[in-house]
Amino acid sequence: MPFEWHPDDPPPSIEPHSLAKLRVLRSYLRAYFDRLNVRPQREEFRLDLVDGFAGGGLFLDGAAEVSGTPLVMLEEADQANVRLNMNRRKQLHINCKFYFVDKERAHTDHLRKVLRERGHDVEDNRIIVRNGLFESEIEGILASVRQRQPRAGRAIFLLDQKGFSQVELALVARIFSELPAAEVILTFAADALVNFLGQSLETPQMVSPLQLTESQLHDLVQHRDGNGGRALLQRTLRGHIRTATGAIYDTPFFIRPRQSRRALWFLHLSKHPTARDVMIQRHWEFQNTFQHYGPGDFGMLGWDALKDPNALPLFQFGELDEQQMLTGLLESLPSKLFGLLSEHPVTIDALRHMFANQTAARFSDLDLIILKLVREREFDILNPEGKVRSRSLQRLASTDRVALPSTLLFPELSRR
Ligand SMILES: C[S@@+](CC[C@H](N)C(=O)[O-])C[C@H]1O[C@@H](n2cnc3c(N)ncnc32)[C@H](O)[C@@H]1O
């Protein structure tokens with residue numbers, strides 16, 4: 001086993017893809033706290049952080065200690081408290097509760113030790129460490145979150161399984177049905193799954209938590225080798241997971257293995273496009289750490305190309321990828337918009353909802369392209385009162401509406 005914690009032993013060495021995962025989690029939490037606390041009037045921010053597969057809390061990278069996911073959650077909540085209160089007249093109380101679950105007693109014992117060493121009170125009501133199966137603990141955790149936050153129900157669940165079959169998708173569906181504002185980050189050992197499927201001819205019992213159909217399994221087995229297998233895994237599992245869990249938005253990317261060849265699929269699920277935008281911005285921030293198969297514009301999931309999955313371009317959030325994505329969007333967005341706007345103008349907010357899952361673009365990228373098209377007189381922007389805004393406007397509001405240009409339909413009524 002590559003990592004195992006025991007309170008009497010030194011922490012295990014960290015693997016490169018785990019380091020990348022921890023960096024993204026940290027950056028995501030930081031952006032999450034900042035994004036949700038822009039209102040200076042807010043006095044309290046409640047958030048429940050659940051690490052369902054918590055591990056022992058610490059790794060070694062050479063001689064240096066690296067915080068595991070439970071510590072990353074605690075550290076980011078504490079830092080948010082300092083950072084967000086720096087320039088506030090009215091103090092903001094960051095009120096977080098943490099649930100750390102692991103099925104191995106040695107792991108939770110190690111975690112408790114690490115928490116105590118860092119001055120955390122493990123027995124207080126703020127940090128709950130449970131030795132047990134996540135599937136057995138979830139009921140109590142959901143009830144506790146609902147009790148603490150009956151209205152907002154704001155929670156982040158990290159389900160960082162080892163392998164691919166420890167998280168029942170039905171459990172994720174329960175999270176979203178009981179806590180619609182929740183977000184779930186789920187990992188899969190993508191290559192291990194593809195290899196495993198290739199070895200067995202029968203429907204493997206081990207993948208039953210993924211609720212795949214016979215034909216989906218067949219597809220995966222057919223294309224299991226190399227990038228093709230991972231590309232197919234992405235295609236087969238992505239839509240399936242959204243449907244099976246009730247999540248509406250996702251960012252489905254692989255952590256690119258540098259030294260090791262084992263790819264880790266890192267999936268963020270939510271019911272809110274803004275949550276998805278915060279996560280996709282992290283992927284752009286850590287260029288070349290994440291990858292997926294296919295282009296970044298609306299062809300991102302143009303899976304027809306999968307007839308020959310090995311020939312798919314590899315998208316890695318690099319500078320070249322960004323340029324190609326923007327060029328692709330500039331070409332494909334007009335025809336999409338013409339179809340959508342033929343009946344009536346559509347708000348920027350609605351467009352974001354519609355396009356979120358179809359491209360690697362951030363909201364800001366979509367805005368950039370729309371503004372360019374407006375300057376090129378392909379579309380008009382209307383304010384909420386229906387007045388045409390200047391073609392030289394620099395920023396779009398989510399309530400602005402995109403419309404077909406009036407000159408196009410009724411040149412004689414042109415407002416220019
Ligand atoms: C990948 S490790 C977690 C690493 C940790 N998230 C980090 O990066 O700091 C997965 C952990 O899940 C635990 N585990 C496996 N199945 C579980 C289950 N059904 N419920 C709770 N914990 C489980 C394992 O004992 C292991 O410690």
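Arg377 sits in the loop between α12 and β13 (380-382) of this predicted model. Arg377 is not a glycine, yet its phi is positive, at about 65°. The relative accessibility of Arg377 is 48%, so the residue counts as partly exposed. The cut-off for exposed is over 50%, and buried means under 20%.

A positive phi also occurs at Phe317, again a residue that is not a glycine. Here the angle is about 60°. Phe317 belongs to the loop between β11 (314-315) and α10 (319-341). Its relative accessible area is 0%, so Phe317 is buried. Thus a positive phi is found at a partly exposed residue, Arg377, and at a buried one, Phe317.

The ligand was examined next. The shell around the ligand holds 20 residues. Thr69, Asp102, His107, Phe134 and Asp160 come nearest. By class, the shell divides into 7 nonpolar, 7 polar and 6 charged residues. Several side chains place polar atoms by ligand oxygen atoms. In Asp102, an N or O atom of the side chain is 2.6 Å from an oxygen atom of the ligand. For His107, the corresponding distance is 2.8 Å. Lys21 has a polar side-chain atom 3.3 Å from a ligand oxygen. On its own, the ligand has 600 Å² of accessible area, and the protein covers 96% of that area.

Two leucines in helices were then considered. Leu22 lies in helix α1, which spans residues 16-36. With a relative accessible area of 5%, Leu22 is under the 20% cut-off and therefore buried. Leu22 and Ser67 are 45 residues apart along the chain, but their C-alpha atoms are separated by 8.2 Å. Leu111 is part of helix α3, residues 105-117. Leu111 has a relative accessible area of 0%, so this leucine is buried too. Its C-alpha atom is 8.1 Å from that of Pro7, although 104 residues separate the two along the chain.

Helix α1 also takes part in a pocket. The second largest pocket has a volume of about 330 Å³. Its lining is made of 17 residues. Nearest the centre of this pocket are Leu36, Glu183, His272, Thr274 and Ala275. Three helices, α1, α9 (273-285) and α11, each give at least two residues to the lining. The lining has 9 nonpolar, 3 polar and 5 charged residues.

Closed spaces were counted separately. The model contains 1 cavity of 30 Å³ or more. The volume of the largest cavity is about 50 Å³. Its lining consists of Leu333, Ile348, Leu351, Arg352, Phe355, Leu366, Asp367 and Ile370. Two elements, α11 (348-355) and α12 (363-375), give two or more residues to this lining. The largest share, 4 residues, comes from α11. The lining divides into 6 nonpolar, no polar and 2 charged residues. Helix α11 thus contributes to the lining of the largest cavity and to that of the second largest pocket. Helix α12 lines the cavity and also borders the loop that holds Arg377.

Terms used: Residues are numbered from 1 along each chain as its sequence is written. This is a predicted model: local features need pLDDT of at least 70, side-chain atom pairs count only at pLDDT 80 or more; totals for chains, interfaces and linings use all residues. Side-chain values use heavy atoms; hydrogens and water are left out. On a 1 Å grid over the protein atoms alone, a cavity is a set of points where a 1.4 Å probe fits but cannot get out, and a pocket is an open set with protein on both sides within 12 Å along at least five of seven lines; lining residues have an atom within 4 Å of a point. Grid points are joined across faces, edges and corners, and a volume is the space filled by probe spheres set on the points. Ala, Val, Leu, Ile, Met, Phe, Trp, Tyr, Cys and Pro count as nonpolar, Asp, Glu, Lys and Arg as charged, and the others, Gly among them, as polar. A residue is near a molecule or strand if one of its heavy atoms lies within 4 Å of it. A polar contact is a pair of N or O atoms within 3.5 Å; within protein, one must be able to donate a hydrogen and the other to accept it, and residues adjacent in sequence count only if both atoms are side-chain atoms. Accessible areas come from the Shrake-Rupley method with a 1.4 Å probe; for residues, only the protein chains shown count as cover. Buried means under 20% relative accessible area, exposed over 50%, partly exposed in between (1.4 Å probe, protein chains only).
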